[in-house]
Amino acid sequence: MIRRTKIIDALQRTDYGTDITVMGWVRSKRASKGIFFIALNDGSTIKNVQIVGDDAKFDPAMLKLITTGACLSVEGKLVESPAAGQASEIQAVGIEVLGTCDADYPMQKKGQSFEYMRQHAHMRLRTNTFGAVMRIRHNMAMAIHTYFHQHGYFYFNTPLITASDCEGAGQMFQVTTKNLYDLKKNEQGSIIYDDDFFGKQTSLTVSGQLEGELGATALGAIYTFGPTFRAENSNTPRHLAEFWMIEPEIAFMDLDDLMDLEEDFIKYCVRWALDNCGDDLEFLNKMVDKGLLERLQGVLGETFVRLPYTEGIEILQEALRSGKKKFEFPCEWGDDLASEHERYLVEEHFRKPVIMTHYPKKIKSFYMKIDEELPVYEGKEMEQTVQGTDVLFPQIGEIIGGSVREEHYDKLMNEIKERHIPMKDMWWYLDTRRFGTCPHAGFGLGFERLILFVTGMQNIRDVIPFPRTPKNAEF
């Protein structure tokens, strides 16, 4: 059997004159004065290896089959390249066409819009841009597992099928084996789930946090890393119906420790990208976002601003009063900040990442720990705030959302009752507050938002292999 050399390894070799076999897909082919040049790529690197051959030494019928997108096996000699920009190339002595490519191949060597490529997501992975994005995505997954393993966290698998709604939004995909054309209902018209597979209404999870808290109160520090689902009918460049989440939960952690963890973790991921994805990042910096490398380096060189929500509102209001900025959405105290507000704070006011804390209780989740002191805004005491943290990044807005969790049973129950949250299937979660409760905290990082930041891509549908969005479940 022929021993194949990956192109990433071939390009690093300097043992010129050695016989070598590479396999991959044709990026381009050109000919000049009886000599052909093929750019071959196998996905192991953003760089192509150049195949050089004499037309006269090969079957003309076979050469006609070598078109953009065709798959080849090439035997030849590794030689030093006389061309600029490449150290080596391969002088072909034998070529086998493993797979021909029809003329209507959708990823021809010409400029394609990202919207066009989304319609051909099964083929776009072969392009330079999406190859770079997917290699970076892999490296970010490795960085995440490595960071938590080195810091003593345990990888904890939470269920994808659940009867609870962590966020309380109710926008969840139902999981059922019931006959949808013959649904049994009670006298009130509600569907009866007794005969369903799980004997109750179940859905795809929106978060592994609640189960993660159970793990933290047993193992001390855990993290989840898996797919989550939200049936929100949103068609923005920042939303997916299926996406991946990283959610650490840690016992005995307070707010300051949580912010330290968030900053250290995300800097580690950025540093990993710079250390391990240099070629791909340079390509994206040139072709997609010319400020990418500078922005990534900037994150490492800055201490994140820690900004209470009330101070953030004061800064936004001052920008409005002074005429520095106009916002489309309101930003009064008590409003949930929009992306434009978050990006103003990060990109224009502070010019560095911001961790915003102590949000009004009413705009945050029921499980967040309530602050003891009331905030003062324009000389008045305002409503209760919570120990929540949102990490805000340039071009992205919120990239991490976290909080200290309310560990006291009575306080948690008061929030549940006040917000009318159905908790009939959540007795197990409340038991963590009855049996040996402890202070604990955690956060959620949307994996695709991290990839957006690290790659400089502008649409979240372009950083996941096969995006799931409203009216789109192709491939």
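This is a short tour of a predicted model, with a selection to make at each stop.

**Stop 1: helix α8**

Start by selecting residues 278-287, which make up helix α8. Which of its residues are buried? They are Asp-280, Leu-281, Phe-283, Leu-284 and Asn-285. Now add the neighbours to your view: the cover over these buried residues includes α5 (128-150), α7 (255-276), α9 (292-301) and α14 (447-455).

**Stop 2: the second largest pocket**

Keep α8 on screen, and select Ile-46, Lys-47, Asn-48, Asn-128 and Phe-283. Out of 48 lining residues, these lie nearest the centre of the second largest pocket. You've met Phe-283 already, among the buried residues of α8. The pocket has a volume of about 1,300 Å³.

Which elements give two or more residues to its lining? Colour β1 (19-32), β2 (35-41), β3 (49-54), α3 (114-118), α5 and α8 to see them. The biggest giver is α8, with 6 residues. If you colour the lining by class, you'll get 18 nonpolar, 20 polar and 10 charged residues.

**Stop 3: the largest cavity**

Next, select Arg-238, Arg-295, Gln-395, Ile-396, Leu-452, Phe-453, Gly-456, Met-457 and Gln-458. Together they line the largest cavity, which holds about 40 Å³ of space. How many cavities of 30 Å³ or more are there in the structure? There are 2. Back at the largest cavity, the lining splits into 4 nonpolar, 3 polar and 2 charged residues.

**Stop 4: helix α10**

Move on to residues 309-322, helix α10. Try a distance from the first C-alpha to the last: this 14-residue helix reaches 20 Å, close to the 20 Å expected at 1.5 Å a residue. Its buried residues are Tyr-309, Thr-310, Gly-312, Ile-313, Ile-315, Leu-316, Gln-317 and Ala-319. Show β12 (305-308), α11 (339-349), β13 (354-360) and β14 (376-377) as well, since they are among the elements covering those residues. Then click on Gly-323, which follows the helix and has a positive phi, near 80 degrees.

**Stop 5: a sheet of three strands**

Last, pick out the open sheet with the order β7-β9-β8, where the pairing is antiparallel. Why does one side of β7 (161-162) and of β8 (174-175) lack a neighbour in the sheet? Both strands stand at the edges with a single partner strand each, so one side is left free of a neighbour. Zoom in on β8 and β9 (residues 202-204), which pair over 2 bridges. Here you can find Gln-174 standing opposite Ser-203 in β9.

Note on methods. Residues are numbered from 1 along each chain as its sequence is written. This is a predicted model: local features need pLDDT of at least 70, side-chain atom pairs count only at pLDDT 80 or more; totals for chains, interfaces and linings use all residues. Side-chain values use heavy atoms; hydrogens and water are left out. On a 1 Å grid over the protein atoms alone, a cavity is a set of points where a 1.4 Å probe fits but cannot get out, and a pocket is an open set with protein on both sides within 12 Å along at least five of seven lines; lining residues have an atom within 4 Å of a point. Grid points are joined across faces, edges and corners, and a volume is the space filled by probe spheres set on the points. Ala, Val, Leu, Ile, Met, Phe, Trp, Tyr, Cys and Pro count as nonpolar, Asp, Glu, Lys and Arg as charged, and the others, Gly among them, as polar. Buried means under 20% relative accessible area, exposed over 50%, partly exposed in between (1.4 Å probe, protein chains only). Helices (H or I, at least four residues) and strands (E, at least two) are DSSP runs, numbered from the N terminus. Contact means heavy atoms within 4.5 Å. The expected span of a helix is 1.5 Å times one less than its number of residues. Two strands pair if DSSP finds at least two bridges between them.
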